Amino acid sequence: MGNRLPSVIQHAKQVLKLRSKSQRDVPKGHIAVYAGEIEKTRFVVPISYLNHPSFLDLLDLAEEEFGFNHPMGGLTIPCDADAFIHLTSRLHAC
């Protein structure tokens with residue numbers, strides 16, 4: 001898991017470089033991710049979340065489900081939007 005972090009960060013940088021017009025409003029130090037079972041919701045989260053074990057677990061699930069080919073053009077997290085909000089609110093409190 002620790003060895004995969006650099007490749008995930010590198011991929012995130014590539015995604016940000018290739019971002020679409022709708023993603024240009026992502027502030028520096030943040031990344032846009034999509035979460036949701038059926039309808040995907042766009043979230044903008046600090047890149048510091050990429051270091052948190054709970055978020056890394058979600059990235060592992062994303063890699064298993066999508067590889068590095070994300071259908072939304074950005075990082076897609078395979079979890080319910082409410083669960084993602086719950087996780088990120090816990091991370092924000094840290």
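How many helices and strands does the protein have? There are 3 helices and 3 strands, where helices (H or I, at least four residues) and strands (E, at least two) are DSSP runs, numbered from the N terminus. Before you click around: this is a predicted model, in which local features need pLDDT of at least 70 and side-chain atom pairs count only at pLDDT 80 or more, while totals for chains, interfaces and linings use all residues. Residues are numbered from 1 along each chain as its sequence is written, and side-chain values use heavy atoms, with hydrogens and water left out.

**Stop 1: the whole chain**

Colour by secondary structure and follow the chain from the N terminus: the elements go α-β-β-α-β-α. Of the 94 residues, 38% are buried, and buried means under 20% relative accessible area, with exposed over 50% and partly exposed in between (1.4 Å probe, protein chains only). Take the contacts (heavy atoms within 4.5 Å) between residues at least 6 apart in sequence: 51% of them join residues at least 24 apart.

**Stop 2: the sheet**

Now select the strands. They form an open sheet of 3 strands in the order β2-β1-β3, with mixed pairing; two strands pair if DSSP finds at least two bridges between them. At the edges sit β2 (41-46) and β3 (75-77), each pairing on one side only. From one strand to the next, the twist averages 40°. Axes here are lines fitted to C-alpha atoms, for helices over the stretch in contact, and angles run from 0 to 180 degrees between N-to-C directions.

Zoom in on β1 (residues 30-35), which runs parallel to β3 and is joined to β3 by 3 bridges. Show Tyr-34 and you'll find Thr-76 of β3 opposite.

**Stop 3: the helices on the sheet**

Add α2 (residues 53-66): this helix packs on the sheet and touches β2 and β3, its direction making about 100° with that of β3. Then bring in α3 (residues 81-93), which lies across β1, β2 and β3 and runs at about 15° to β2.

How do α2 and α3 cross? Their axes come within 10 Å and cross at roughly 150°. That makes the two helices roughly antiparallel (angles over 145 degrees get that label, under 35 count as roughly parallel, 65 to 115 as roughly perpendicular and the rest as oblique).

For the side chains at this contact, select Ser-54, Phe-55 and Leu-58 in α2, which meet Phe-84, Leu-87, Arg-90 and Leu-91 in α3. The residues of the contact divide into 5 nonpolar, 1 polar and 1 charged. Here Ala, Val, Leu, Ile, Met, Phe, Trp, Tyr, Cys and Pro count as nonpolar, Asp, Glu, Lys and Arg as charged, and the others, Gly among them, as polar.

**Stop 4: the aromatic cluster**

Show Phe-43, Tyr-49, Phe-55 and Phe-84 as sticks: they form one aromatic cluster. Rings of Phe, Tyr and Trp (its six-membered ring) pair if their centres lie within 6.5 Å; planes under 30 degrees apart count as stacked, over 60 as edge-to-face and the rest as tilted. Tyr-49 and Phe-55 have ring centres 6.2 Å apart and planes at 55°, so this pair is tilted. Tyr-49 is buried at 9% relative accessibility, and Phe-55 is buried too, at 1%.

**Stop 5: Phe-84**

Finish on Phe-84, found in α3. Is Phe-84 buried or exposed? Phe-84 is buried, with a relative accessible area of 0%. Beyond its neighbours within four places in sequence, Phe-84 is in contact with Val-33, Ala-35, Phe-43, Val-45, Phe-55, Leu-58, Ile-77 and Cys-79. Draw a C-alpha to C-alpha line from Phe-84 to Phe-55: they are 29 residues apart in sequence and 9.4 Å apart in space.
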